[in-house]
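Welcome! Take a look at the structure below, and then we can walk through how its strands and helices are arranged.

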Amino acid sequence: MILKDKTVLIMGIRNKWSIAYGAAKSAYEQGAKLCFTFMGEDNRGKIEELISEFEGSKAYECDVANDSEIERLFNEVKSDYGKIDGIVHCIAHANTEDLRNDFIETSKEGFSHANDVSAYTLVAISRYAKNMEILNENASIVALTYYGSTKVLPGYNVMGVAKAALEASIRYLADNLGKDGIRVNAISAGPIKTLSSKGIKDFGSILDIVEEKAPLKRNVDKEEVGDAVSFLLSKMSSAITGQVIFADCGYNIMGC
């Protein structure tokens with residue numbers, strides 16, 4: 001088990017179809033102790049039931065767009081678990097109208113919201129984790145991104161811009177935190193049916209195209225993405241930082 005005796009915080013779990021759940025399942029099977037964040041106190045019961053299969057885990061409500069809540073979260077996690085070995089950032093959001101309409105129609109508020117929630121939160125989380133000394137030596141931070149950060153995909157719109165900002169942030173954070181032995185990377189997952197993906201127009205056709213064009217002739221699933229996350233959390237990836245690693249059945253290499 002590559003994460004035996006490690007403690008990992010998974011931020012942004014929503015349901016059993018989410019990539020965050022796939023990451024949790026893989027990390028748990030690889031021996032990790034888990035803790036989670038979720039959005040909205042009214043979701044606590046649902047989230048606690050969801051994570052009950054991960055023995056010893058605990059869920060914390062946290063609005064990561066609020067710095068004071070990140071500080072409170074890390075104080076609580078540190079009190080309950082001591083220092084931790086990994087953080088998985090599974091947080092992204094854009095207004096529905098900014099995904100449904102042409103990108104040129106994106107409002108200033110919608111642009112700021114998507115980038116604040118989907119990209120800046122990683123910067124804030126990393127800063128508080130460093131300054132509050134919550135991370136063990138050789139800890140790993142992993143975020144989730146998508147191919148739409150570098151290519152135009154219909155319906156992805158402002159989220160593509162936010163993911164591009166996230167990926168650039170990963171490189172700068174990797175440089176800043178490397179001196180402390182902390183690694184920062186991202187997994188670029190292929191399209192997966194999640195609650196979030198329902199907001200993307202014609203998402204089903206994207207799945208069909210990937211299945212047709214990808215070298216492996218299929219779509220990736222959340223468990224496979226979770227295994228890639230576990231690899232980046234583990235010592236097996238100790239020389240990897242500042243990278244975006246694709247887990248998309250090879251679709252990103254194709255030119256058509």
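## The sheet

In this predicted model, 7 strands come together in an open sheet, and their pairing is parallel. Read across the sheet, the order is β3-β2-β1-β4-β5-β6-β7. Strands β3 and β7 (244–247) are the edge strands, each pairing on one side only. On average, neighbouring strands of the sheet are turned by 20 degrees against each other, direction ignored.

As background, strands of a sheet pair through backbone hydrogen bonds, either parallel or antiparallel.

## Two strand pairs

Let us start with β2 and β3. Strand β2 (residues 33–38) runs parallel to strand β3 (residues 58–61), and 4 bridges join them. To get from β2 to β3, the chain passes through helix α2 (residues 44–50), and this β-α-β crossover is right-handed. If you would like a residue pair to look for, T37 has Y60 in β3 as its bridge partner.

Another pair to visit is strand β4 (residues 84–89) with strand β5 (residues 135–145), which pair in the parallel sense over 5 bridges. Here V88 stands opposite V142 in β5.

## Helices on the sheet

Which strands does helix α1 touch? Helix α1 (residues 19–29) packs on the sheet and touches β1 (7–11), β2, β5 and β6 (183–189). The direction of α1 makes about 165 degrees with that of β2.

Helix α3 (residues 67–81) also packs on the sheet, where it touches β1, β2, β3 and β4. Its direction makes about 160 degrees with that of β3.

Methods:
Residues are numbered from 1 along each chain as its sequence is written. This is a predicted model: local features need pLDDT of at least 70, side-chain atom pairs count only at pLDDT 80 or more; totals for chains, interfaces and linings use all residues. Side-chain values use heavy atoms; hydrogens and water are left out. Two strands pair if DSSP finds at least two bridges between them. A crossover is right-handed if, with the strands pointing away from the viewer, the path from the first strand over the helix to the second runs clockwise. Axes are lines fitted to C-alpha atoms, for helices over the stretch in contact, and angles run from 0 to 180 degrees between N-to-C directions. Contact means heavy atoms within 4.5 Å.
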